[in-house]
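Visitor: Could you take one part of this model and look at it closely for me, working outward from there to whatever surrounds it? I would like a connected account, not a list.

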Amino acid sequence: MALDLTTDIKITWCPGCPNSQILVAFRQAVEEFVSAGTMELHNIVAGAGVGCHGKISDYLEVNSFNSLHGRMVPSLTGIKLANPKLNVVGFSGDGDSFSEGFNHITHAARSNSDISIFLHNNQVFALTTGQATATSPKGFKGGTMPEGSINEPINPALIMLTMGATFIARTFASDIKKTKEIMKEAMLHKGFAFVEIIQPCITFFDTREYYKERVYWLDDKHKKSNLDSAFKVARMNTADKVPCGIIYQTSKPTFEELV
Ligand SMILES: Cc1ncc(C[n+]2csc(CCOP(=O)(O)OP(=O)(O)O)c2C)c(N)n1
Ligand SMILES: [Mg+2]
């Protein structure tokens with residue numbers, strides 16, 4: 001019988017929210033791993049932060065939990081350390097990990113903890129109705145910044161590269177197949193895997209057209225093991241084009257192996 005990862009809980013995301021596409025991509029990734037015998041369902045743990053993205057744990061029939069806002073990453077590193085057999089993934093938000101919990105994600109990347117983080121980057125605090133986060137563009141107008149954000153945005157992929165993450169990718173939620181494939185690569189990677197998922201917030205910051213025009217997929221010409229090329233690509237999302245795909249991948253001992 002096909003694996004059913006749906007739950008009875010009513011989905012309360014706005015109709016059309018790309019969070020649903022991320023949910024489908026992850027369910028498909030897990031279904032494929034389990035049916036191929038690559039992973040056992042009871043060995044998968046999915047943590048979630050606080051925000052619209054965090055509701056994903058309610059809609060997944062896998063071992064899952066909600067952390068405190070910004071504190072999901074250290075919970076995951078603890079889980080992985082306690083039971084290294086587990087495949088540990090976390091769904092986070094740009095507010096959750098790049099405003100509130102910034103110290104946790106950077107240090108987990110630095111120590112190469114063997115977990116995967118899927119960042120729902122909608123460039124806004126969505127659940128609390130549209131304030132600017134650390135990834136909102138300069139000039140972004142929201143409840144707390146009616147005259148426009150005065151700060152330059154943080155570039156998550158670039159930060160992760162700088163901090164030493166060993167797998168860094170960017171994907172666009174509307175491409176479910178590519179998102180699923182990248183999630184699978186991240187979960188198979190040994191070490192800290194970071195996936196930035198561009199997830200336009202259709203209610204408070206609708207960037208669907210903006211990204212549709214700019215997203216392109218890296219091809220074989222991009223050497224993902226080359227750090228200089230990775231830096232070049234990671235920086236490019238402030239320009240007219242937004243490169244997606246696996247930006248960087250390397251191998252080094254994990255936190256769990258070293259402690
Ligand atoms: C410690 C703490 N600070 C603030 C909040 C209020 N809060 C709840 S959700 C949220 C926004 C989350 O934004 P993000 O992580 O980007 O998730 P999104 O809703 O955009 O998916 C905030 C600020 C909280 N619950 N806990
Ligand atoms: Mg957000």
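**The ligand shell and the helices**

Guide: Helix H3, residues 94-100, gives the most to the shell around ligand 1, contributing four residues. This is a predicted model, and the values that follow are computed from it. The shell is made up of 19 residues, and the closest to ligand 1 are Gly51, Gly93, Gly95, Asp96 and Ala126. By class, the shell divides into six nonpolar, 10 polar and three charged residues.

From the shell we can turn to helix H2, residues 72-82, whose buried residues are Met72, Val73, Ser75, Leu76, Thr77 and Lys80. These buried residues pack against H3, the helix already met at the ligand, and also against strand E1, strand E3 (87-93), helix H4 (102-110), strand E4 and helix H9 (255-258). The pairing of H2 with H4 can be described in some detail, since their axes come within 8 Å and cross at roughly 35 degrees. On the H2 side the contact is made by Val73, Pro74 and Thr77, and on the H4 side by His104, Ile105 and Ala108. The residues of this contact divide into four nonpolar and two polar, with no charged residue among them.

Helix H1, which spans residues 19-36, is the next element to consider. It has 18 residues and reaches 26 Å from its first C-alpha to its last, close to the 26 Å expected at 1.5 Å a residue. Its buried residues are Asn19, Ile22, Leu23, Ala25, Phe26, Ala29, Val30 and Phe33. Because they cover an arc of only 165 degrees around the axis, they lie on the same side of H1. On the other side of H1, Ser35 and Ala36 are exposed. The partners of the buried residues of H1 are strand E1 (44-48), strand E4 (116-121), helix H6 (176-188) and strand E6 (193-198). E1 and E4 therefore appear in both accounts, as packing partners of the buried residues of H1 and of those of H2.

Two further residues of H1 deserve a separate look. Gln28 lies in this helix and counts as partly exposed because it has 18 C-beta neighbours inside 10 Å, where 20 or more would be needed for a residue to be buried. Its C-alpha atom is separated by 27 Å from that of Thr254, a residue 226 places away along the chain. Val34, also found in helix H1, is likewise partly exposed, with 18 C-beta neighbours inside 10 Å. When residues up to four places away in sequence are not counted, Val34 touches Leu3, Met39, Glu40 and Leu41. The C-alpha atoms of Val34 and Ile44, which are 10 residues apart along the chain, are separated by 10.0 Å. Just after H1, Gly37 takes a positive phi of about 80 degrees.

A positive phi also occurs in the loop between E4 and helix H5 (156-163), which is the place of Gln123. Phi of Gln123 is near 60 degrees, a positive value in a residue other than glycine. Thr129 lies in that loop between E4 and H5 as well, and has a positive phi of about 75 degrees although it is not a glycine. The surroundings of these two residues can be set side by side: Gln123 counts as buried because it has 23 C-beta neighbours inside 10 Å, whereas Thr129, with 11 such neighbours inside 10 Å, counts as exposed.

Following the chain onward from this loop leads to H5 itself, in which Pro156, Ala157, Met160 and Leu161 are buried. Seen down the axis of H5, these buried residues fall within an arc of 135 degrees, so they line one face of the helix. Just after H5, Gly164 takes a positive phi of about 100 degrees, as Gly37 does, at about 80 degrees, just after H1.

One last position lies further along the chain. Asn226 is found in the loop between strand E7 (215-217) and helix H8 (227-235). With 13 other C-beta atoms within 10 Å, Asn226 is partly exposed, since a residue counts as exposed at 12 or fewer. The C-alpha atoms of Asn226 and Gln249 are separated by 8.4 Å, with the two residues 23 places apart along the chain.

Notes: Residues are numbered from 1 along each chain as its sequence is written. Chains are lettered from A and ligands numbered from 1 in the order in which they are written. This is a predicted model: local features need pLDDT of at least 70, side-chain atom pairs count only at pLDDT 80 or more; totals for chains, interfaces and linings use all residues. A residue is near a molecule or strand if its C-beta atom, placed from the backbone, lies within 6 Å of it. Helices (H or I, at least four residues) and strands (E, at least two) are DSSP runs, numbered from the N terminus. Ala, Val, Leu, Ile, Met, Phe, Trp, Tyr, Cys and Pro count as nonpolar, Asp, Glu, Lys and Arg as charged, and the others, Gly among them, as polar. The expected span of a helix is 1.5 Å times one less than its number of residues. The arc is that of the directions from the helix axis to the C-beta atoms. Two residues are in contact if their C-beta atoms, placed from the backbone, lie within 7 Å. Axes are lines fitted to C-alpha atoms, for helices over the stretch in contact, and angles run from 0 to 180 degrees between N-to-C directions.
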